[in-house]
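Hi,

Here's the structure I promised to pass along. Have a look, and my notes on its cavities and pockets are underneath.

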Amino acid sequence: MKNIFKLLSVTAAALALTACEDFLTKTPETNLAPENFFSSEKELELWSNYEYSTLLNDATDYAEIKGDDFIGRGLSAIQKGTRTNATGGLWTQSHWGYLRHINQFFENCKNCRSEEARAKYEGVEHFFRALYYYQMVQYYGDVPYYDSVVGSADEAALFQARDSRGYVMKKVIEDLDNAAMKLPESWPDGCFRVNKYAALALKSRVALFEGTFRKYHDVADETYAEENGSTITLSAEWFLNQAAEAAQSVMSSGKYSLYTTSSDSHWKAYRDLFQLEDLKGNPEVIFAKQYDVTLAIRHGLQFDLKNETYSATRRFVNHYLRNDGTPIQTREGWATEQYYEQFQRRDPRMAQTLHGPGHFGYLDPQMKGAVESIDFARTLNGYRVIKGVSDGSHENATTSTTDWAFIRYAEVLLNYAEAHAELGDLTQAMIDKSIKLIRDRAEMPNLTLPTVPDALMTEYYPHAKGTQLAAILEVRRERVVELFAEGFHLWDMIRWKEGNPLTPDGNKVAGAPMDPASFTPGYKGIYIPNLGEFDTDHDGKMDLLIYSGSMPGTVSSSIPATNRIQVNANSLTLSDGDHGYITRDAAEDYVWKDRDYLYPVPLGQIQAYNGKLTQNPGWE
């Protein structure tokens with residue numbers, strides 16, 4: 001595994017450019033120039049190792065992608081509506097350089113005489129080219145597509161117009177098919193290198209994204225001629241079938257299963273999976289990044305969770321079912337349940353993801369027991385995120401060494417179920433070999449193929465549609481819960497055309513005890529029935545004070561200073577003035593627009609292309 005990081009110091013300078021045309025034409029000024037490299041398997045390996053380092057910069061890059069499910073101290077540009085056509089996103093960052101690096105491999109790997117070696121490293125490069133173009137399509141939709149290195153004199157290619165998203169995603173699928181065909185089933189480094197099933201799993205992810213994006217954004221079908229004389233029509237259904245088939249291939253292989261054991265008796269398997277120091281050999285992990293003290297590779301996820309006080313939203317919490325498999329709204333008074341009551345008789349994953357009261361409290365082995373009471377030093381609104389949190393030794397900056405799963409088997413199972421639900425052909429047998437496995441691990445009842453859409457999920461996802469609407473909504477619920485804080489939900493909301501809840505103005509809480517016409521914006525947390533002191537964990541001691549204006553003259557000594565919370569000041573309010581949901585960012589009033597589903601193409605690039613590069617609608 002150490003070899004994956006050796007190339008960084010050699011090639012990083014070659015990719016430290018900013019404009020698309022520079023990325024595409026500049027030759028690396030290093031001893032790895034094409035004419036004297038790629039002659040052996042070791043050189044192919046060293047070149048392809050750079051792709052691993054660029055993809056997996058840090059676990060925090062993925063875990064901290066905020067949507068409507070959790071928030072931090074600061075809002076993203078998407079949540080605040082502050083993106084402009086002067087900003088670049090991926091376009092002026094590194095992706096064009098990464099893609100040029102990959103295309104350079106394909107143009108020169110013939111220097112190696114070993115066909116076997118060439119094939120497997122070609123598979124690696126096919127995988128990463130697919131991934132990078134998929135990410136570019138996520139951001140921008142149509143992008144120029146290059147599968148060769150562009151010379152500085154080739155102005156026609158260098159300044160070509162954007163290719164349609166369908167054409168680019170077709171190329172992405174082709175790359176992943178080639179990767180699955182050429183990559184080995186396993187490597188000595190295990191899940192820390194991409195294999196055949198990583199390519200198929202990624203194919204299920206990208207095809208599901210494109211299929212649902214085309215369905216919910218009404219993207220027109222595209223027809224292309226194939227080399228064999230046939231034609232192919234790219235539609236939402238075509239991509240959804242590709243997703244279902246790719247997921248089925250991984251499932252049928254028998255190579256993977258869900259992690260169902262635990263390394264510590266305090267933790268259930270689901271929670272334990274996200275604090276394991278070593279994922280190599282884990283049955284659920286298809287592709288991961290290794291963190292290791294001896295390799296001087298660490299991340300700061302747990303540090304960020306603590307210091308940024310990442311907090312879930314009430315909207316997200318309402319996705320968790322009761323532990324008998326029924327929706328939370330079937331419980332009387334559910335909309336005004338307080339912190340302690342909310343955690344009772346719920347899907348066990350709720351207490352393995354969020355800090356809960358009493359026996360649901362966060363278990364820290366270093367502290368020899370549970371941290372039972374609520375802790376506003378580590379939460380903005382009462383819902384503290386503990387997924388990915390192990391113990392105090394990982395809380396300092398860049399001291400975490402828990403490996404990060406970039407692709408895990410649970411996602412593949414969810415991709416499979418969602419693709420079939422969107423296609424309208426999901427059966428109970430399909431649920432039994434996908435959703436049931438996830439529910440079994442969570443100790444939850446299986447999902448019975450639903451026919452009546454859940455009212456709460458219907459309100460949360462008003463754009464959902466299809467002949468199996470009820471099933472679509474329940475699969476979404478399962479996905480939101482299972483994949484929380486793993487980098488998926490923001491992009492899920494974008495592909496489902498449900499962008500409004502990403503902003504504070506649109507993050508409503510269904511079933512709230514208030515008139516919708518007078519709804520106050522902001523991200524909601526726990527419910528507070530009145531100002532005063534509270535015993536949140538029901539241990540007989542007051543542990544939380546909520547007040548407005550001046551602090552009361554007398555406060556119970558058992559309430560720590562960090563839990564003496566002033567509301568209706570600055571960015572923290574109560575939704576109904578002197579009671580209601582603890583609310584963050586109510587003053588933010590950005591209203592989601594259709595243009596927000598794509599990033600703007602940087603204005604400087606449009607100007608450099610002399611009019612051949614168009615802008616995304618609404619960003620002109």
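Below is what turned up on the empty space in the model.

First, the ground rules: this is a predicted model, with local features needing pLDDT of at least 70, side-chain atom pairs counting only at pLDDT 80 or more, and totals for chains, interfaces and linings using all residues. Residues are numbered from 1 along each chain as its sequence is written, and side-chain values use heavy atoms, leaving out hydrogens and water.

The largest pocket (an open set of points on a 1 Å grid over the protein atoms alone, with protein on both sides within 12 Å along at least five of seven lines) holds about 1000 Å³, a volume being the space filled by probe spheres set on points joined across faces, edges and corners. Its lining (residues with an atom within 4 Å of a point) runs to 40 residues, with Asp61, Tyr62, Ile65, Tyr139 and Trp491 nearest the centre. Helix α7 (115-140) gives the largest share, six residues; helices and strands are DSSP runs (H or I, at least four residues; E, at least two), numbered from the N terminus.

There are also six cavities of 30 Å³ or more, meaning sets of points where a 1.4 Å probe fits but cannot get out. The largest has about 120 Å³, and strand β8 (residues 404-408) contributes the most to its lining, with three residues. The second largest comes to about 60 Å³. Phe274, Leu301, Gly388, Trp404 and Glu486 are among the residues that line the largest cavity, and they also help line the second largest.

Cheers
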